[in-house]
Amino acid sequence: MTMSGAIALTRYLIEEQRAGHINAELRLLVEVVARACKQISVAVGKGALGGVLGDAGSPGEASINVQGEAQKKLDVLSNEILLEANAWGGHLAGLASEEMDASQPIPDTYPHGNYLLLFDPLDGSSNIDVNVSVGTIFSVLRCPEGIATPADAHFLQPGTAQVAAGYCVYGPQTTLVLTVGHGTHVFTLDREVGSFTMTARGIRIPEETKEFAVNMSNQRFWEPPMQAYVGDLLAGKDGPRGKDFNMRWVASMVADVHRILTRGGIFSYPLDSKCAAKGGKLRLMYEANPMSLLVEQAGGAASTGRQRMLEVQPTGLHQRVPVFLGSKREVEAAEGYHHAQGTDAS
Ligand code: AHG
Ligand code: MN
Ligand code: MN
């Protein structure tokens, strides 16, 4: 059953075009990404029946991506689905993916457009085989003027330059969350009809929260400001924060961020001594920036702990950063600990 008076993604995008917020090219680009997400949703949903679980590569020889991480079959399949769907549409000048070493210009056999698409094809890979939510994250930038064949350097634009960002979470429901710079909106896949239908318009993240998300097993590797911050959260009512906090960690950023967009909270993947040499765990261009735009558009905040995320000037396509995002007051509180204890790390 569809919700009566419900707004399909297609209608929403056409109305955004009429309002002058996006052009036809960007509208069609978002439609293509959404269509690819539907295909990925079908593959994820088949699970073992579709033979899509487990590691990519041959037995005894795991396939390793540019991040130095073992690829799952679904990482590879999702990447292929997104590449195939986007190569021929004529909206893009180039693509970059967490799963590919370098960016790819659109082949000359297809018309070239004015946008650059970046994606994390399958976020939360460790959850694929255990039937826990995973997702796709994407970000859209303008291709710099006069560049027909973009190279990696042309993708290195700060998050403030994003013209659209979103993610699709493949959970109990398949949900697309999108911003084109005019609020953050939620669309749920109506599986029978086969289309995304708006289920929440202009969502707002509560400014205050009593819920935090972090991988606590890394505690002993954190920097002193993070130790102090989480120490105070755990002290609860008896500590300086004066309230008890709950903790959740799905280990799929899409699922953790979706919870925070829905009911508030703070998500963090701080710098720790294991990932310090890489600058952090999560990727700026495929994870932190698109999520930060969605969160800011929903009234939340996103930071490296020391700087607004969207203002970080990227230096590499696969650059990693510490991440704090979600309820505004809580992100400010976490930043406060980092500023108070000084020393810049990002
Ligand atoms: P990916 O599967 O794209 O590599 O990303 C996984 C990320 C993110 O989704 C999640 O928040 C985090 O890694 C989980 O890290 P831990 O396994 O260290 O908790
Ligand atoms: Mn990811
Ligand atoms: Mn991934």
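Which residues line the largest cavity? In this predicted model, the answer is a set made up of Ser 139, Leu 141, Gln 157, Pro 158, Gly 159, Gln 162, Met 285 and Asn 289. Strand 6 and helix 7 are the elements that each give two or more residues to that lining. Sorted by class, the lining has 3 nonpolar and 5 polar residues, with no charged ones. The space inside comes to about 30 Å³, and the count of cavities of 30 Å³ or more is 1.

Helix 7 is a handy bridge to the metal site. If you look for the protein donors of the manganese ion (ligand 2), you'll find Asp 120 (OD), Asp 123 (OD) and Glu 287 (OE), at 1.8 to 2.1 Å from the ion. Along the chain, these donors follow the spacing D-x2-D-x163-E. So how does a spacing like that map onto the fold? Asp 123 belongs to strand 5, while Glu 287 sits in helix 7, which covers residues 284–297, and the two are 164 residues apart, so this pair links distant parts of the chain. Asp 123 and Glu 287 are both buried. Asp 120 does a double job: this residue bridges the manganese ion (ligand 2) and the manganese ion (ligand 3). The two ions lie 3.7 Å apart.

Now to the open space. The largest pocket holds about 430 Å³. A total of 25 residues line the largest pocket, and the closest to its centre are Gly 124, Ser 125, Ala 251, Lys 281 and Arg 283. Which element gives the most to this lining? That's strand 5, with 3 residues. Strand 5 (115–123) is joined by helix 6 (253–263), strand 13 (266–269) and strand 14 (282–283) in supplying at least two residues each. Charge is well represented here: the lining divides into 11 charged, 8 nonpolar and 6 polar residues. Both domains take part too, with at least three lining residues drawn from domain 1 (3–200) and at least three from domain 2 (211–340).

Ala 251 deserves a second look, since this residue turned up among those closest to the pocket centre. Its phi is positive, about 75°, although Ala 251 is not a glycine. You'll find Ala 251 in the loop between strand 12 (246–247) and helix 6. Is Ala 251 buried, exposed or partly exposed? Its relative accessibility is 34%, so Ala 251 counts as partly exposed.

A second backbone oddity of that kind is Asn 131, a residue other than glycine with a positive phi near 60°. Asn 131 lies in the loop between strand 5 and strand 6 (134–142). Here the relative accessibility is 75%, and therefore Asn 131 counts as exposed.

To finish, move over to Pro 224, which is part of helix 5 (residues 224–235). Pro 224 counts as exposed because its relative accessibility is 53%, and the cut-off for exposed is over 50%. For a feel of the distances involved, pair Pro 224 with Ile 81: they are 143 residues apart in sequence, and their C-alpha atoms are 42 Å apart in space.

Terms used. Residues numbered from 1 in each chain as written. Chains lettered and ligands numbered in written order. Predicted model: local features only at pLDDT ≥ 70, side-chain atom pairs only at ≥ 80, totals over all residues. Heavy atoms only, no water. 1 Å grid on protein atoms, 1.4 Å probe; cavity = no way out; pocket = protein on both sides within 12 Å on 5 of 7 lines; lining within 4 Å. Points joined across faces, edges and corners; volume = space filled by probe spheres on them. Helix = DSSP H or I, 4+ residues; strand = E, 2+ residues; numbered from the N terminus. Nonpolar A, V, L, I, M, F, W, Y, C, P; charged D, E, K, R; others polar. Domains from an automatic or database assignment. Buried < 20%, exposed > 50% of the residue type's maximum accessible area, 1.4 Å probe, protein only. Donors = N, O, S within 2.8 Å, 3.2 Å for Na, K, Ca; no water.
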